[in-house]
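Me: I am new to reading structures and would like to learn from one example. Please take me through it feature by feature.

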Amino acid sequence: MSNEKIPYKIYLEENEMPKEWYNVRADMKNKPAPLLNPGTLQPMTAEELAPVFCDELVKQELDDTTPYIAIPEEIRNFYKMYRPSPLVRAYCLEKKLGTPAKIYYKFEGNNTSGSHKLNSAIAQAYYAKKQGLKGVTTETGAGQWGTALSMACSYFDLDCKVYMVKVSYEQKPFRREVMRTYGASVTPSPSTETEIGKKILADHPGTTGSLGCAISEAVEVATKTEGYRYVLGSVLNQVLLHQSVIGLETKAALDKIGEKADIIIGCAGGGSNLGGLISPFVGQMLRGEADYRIIAVEPASCPSFTRGKYAYDFCDTGMVCPLAKMYTLGSGFIPAPNHAGGLRYHGMSSTLSQLYDDGFIEATSVKQTEVFEAAEYFARVEGILPAPESSHAIKVAIDEAKKCIETGEEKTIVFGLTGTGYFDMFAYEKFHDGKMDDYIPTDAEIAESLSKLPKVD
């Protein structure tokens, strides 16, 4: 199909929406390593996970053989309020850059929560309601996940307790207020509400928090409160499963216009967006059906893939959660307070870590001032104010498009625009006022954190 016939926005019809989630683990020859019980160092069983997660989500978490899992009709009906999401041809960006490359982005910000997180939030809330629970607990970093979950819980009339990383709680009051508008309680983490929070504050006075801290608090409350379970917005296999709707729609839209991606780019924090976007494409690679160049982009201030170690580590700072084999900076690693946006988790999805270790994914890290330069450039050209997280992918997509200018290659670049940045104006203000810097952890700091990894044979 010629460029002239490709519209700015490629939409699927409602009846073309995915009816099943795709489980990429089913096609992986090297399966992700299992979660380990921190006490016995043996693989976690469904019975051991049941006090923490909803029963159906436990099944999804442990299932690495079923390629497709049906999306319940009630979840699909909710999806229809904002899905299918558009695949957008970035004609204006291409023209501004003067690149022969074709650039597409999958826009996940066209819902009230402002991000892709709603895809999994509604699924997890559905299974909690189906199980007859009173409510759920969770953590949130930049606030996108907490916002999405508060919406989903409101829809199903569930209580929602959110532990929000303290630095984000203070920098993003409007994101916090959206959560409260949907009925959630929001607590800055670490807090004095939990035993783990008190310990973290005692060990790290004045800490601005991390996702690892907030996870510990949310898990403690869930396991000590009758009728509650813990839910997570990234990292876990079940989350990547739910987010596969992003990649399935992206591939279907590309197929619809007769286009094949050469380069697929996604921001990487814990793995929800990246894993969801790339899942069907990686599936083709695993089955030997196609080849793609897949780039994970992470912040230089929290570089799990590019500077972390592939090892078993605690999923949380309080060291109460299972151990996961992943690329990690150490569960005690806390990003610098000047780090804007999300992508602040110390580790990476076990599934993505295995794919990265096997060479199916490459990774790069970028400085946050460069990220905001790319965000501003994109906003002025394409008319969407992107979230800081998404802007990591934008930065590398622009870099790859510029390389095509030098080589003359007409490559097709696809990246994930995970959400909008309208709740991130504090960070944009710092950037515009010249008060944003590029703190990058030293080798010694990372080595110190990694020295405390648990000993697992």
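Me: Which element gives the most to the lining of the largest pocket?

Reply: On a 1 Å grid over the protein atoms alone, a pocket is an open set of points with protein on both sides within 12 Å along at least five of seven lines, and lining residues have an atom within 4 Å of a point. Helices (DSSP H or I, at least four residues) and strands (E, at least two) are numbered from the N terminus. Here H9 gives the most to the lining of the largest pocket, namely four residues. H9 spans residues 195-203, and helix H18 (443-450) also gives two or more residues to that lining.

Me: What should I know about the model before going on?

Reply: It is a predicted model, in which local features need pLDDT of at least 70 and side-chain atom pairs count only at pLDDT 80 or more, while totals for chains, interfaces and linings use all residues. Residues are numbered from 1 along each chain as its sequence is written, and side-chain values use heavy atoms, with hydrogens and water left out.

Me: How much space lies in the largest pocket, and which residues lie nearest its centre?

Reply: A volume is the space filled by probe spheres set on the grid points, which are joined across faces, edges and corners. For the largest pocket this is about 550 Å³. Its lining has 26 residues, and His204, Thr317, Gly332, Phe333 and Ile334 lie nearest the centre. Residues are also sorted by class: Ala, Val, Leu, Ile, Met, Phe, Trp, Tyr, Cys and Pro are nonpolar, Asp, Glu, Lys and Arg are charged, and the others, Gly among them, are polar. In this lining 11 are nonpolar, nine polar and six charged.

Me: What lines the second largest pocket?

Reply: The second largest pocket has a volume of about 230 Å³. It is lined by 15 residues, and Ala33, Pro34, Leu35, Glu61 and Asn237 lie nearest its centre. The classes are 10 nonpolar, two polar and three charged.

Me: How is a cavity read, and how many are there of 30 Å³ or more?

Reply: A cavity is a set of grid points where a 1.4 Å probe fits but cannot get out. There are seven of 30 Å³ or more. The largest has a volume of about 360 Å³. Of its 29 lining residues, Lys117, Leu211, Ser234, Gly270 and Leu343 are the closest to its centre. H12 supplies the largest share of this lining, three residues.

Me: Which classes line the two largest cavities?

Reply: The largest cavity is lined by 11 nonpolar, 14 polar and four charged residues. The second largest, with a volume of about 130 Å³, has 13 nonpolar, no polar and no charged residues in its lining. Phe53, Leu232, Leu236, Cys315 and Cys321 lie nearest the centre of that second cavity.

Me: At what angle do helices H15 and H16 pack?

Reply: Axes are lines fitted to C-alpha atoms, for helices over the stretch in contact, and angles run from 0 to 180 degrees between N-to-C directions. H15 (residues 368-382) and H16 (residues 388-407) pack at about 85°, with axes 8 Å apart. That makes H15 roughly perpendicular to H16; angles of 65 to 115 degrees count as such, under 35 as roughly parallel, over 145 as roughly antiparallel and the rest as oblique. Contact means heavy atoms within 4.5 Å. Among the residues making this contact are Phe372 and Phe378 of H15 and Ile394 and Ile398 of H16. By class the contact has nine nonpolar, two polar and two charged residues.

Me: Where do helices H2 and H11 meet?

Reply: Leu57, Gln60 and Glu61 in H2 meet Asn237, Gln238, Leu241 and His242 in H11. This contact has two nonpolar, four polar and one charged residues. The axes are 7 Å apart, at an angle of about 90°.

Me: In what order do the strands of the sheet lie?

Reply: Two strands pair if DSSP finds at least two bridges between them. Seven strands form an open sheet with mixed pairing, in the order S1-S4-S5-S15-S10-S11-S14. The edge strands S1 (9-10) and S14 (362-366) each pair on one side only. S4 (residues 87-89) and S5 (residues 102-107) run antiparallel and are joined by three bridges. Valine 88 has tyrosine 105 in S5 as its bridge partner.

Me: Which residues does a cis peptide bond join?

Reply: One such bond joins arginine 83 and proline 84, with omega about 0°. Another joins serine 189 and proline 190, with omega about 5°.
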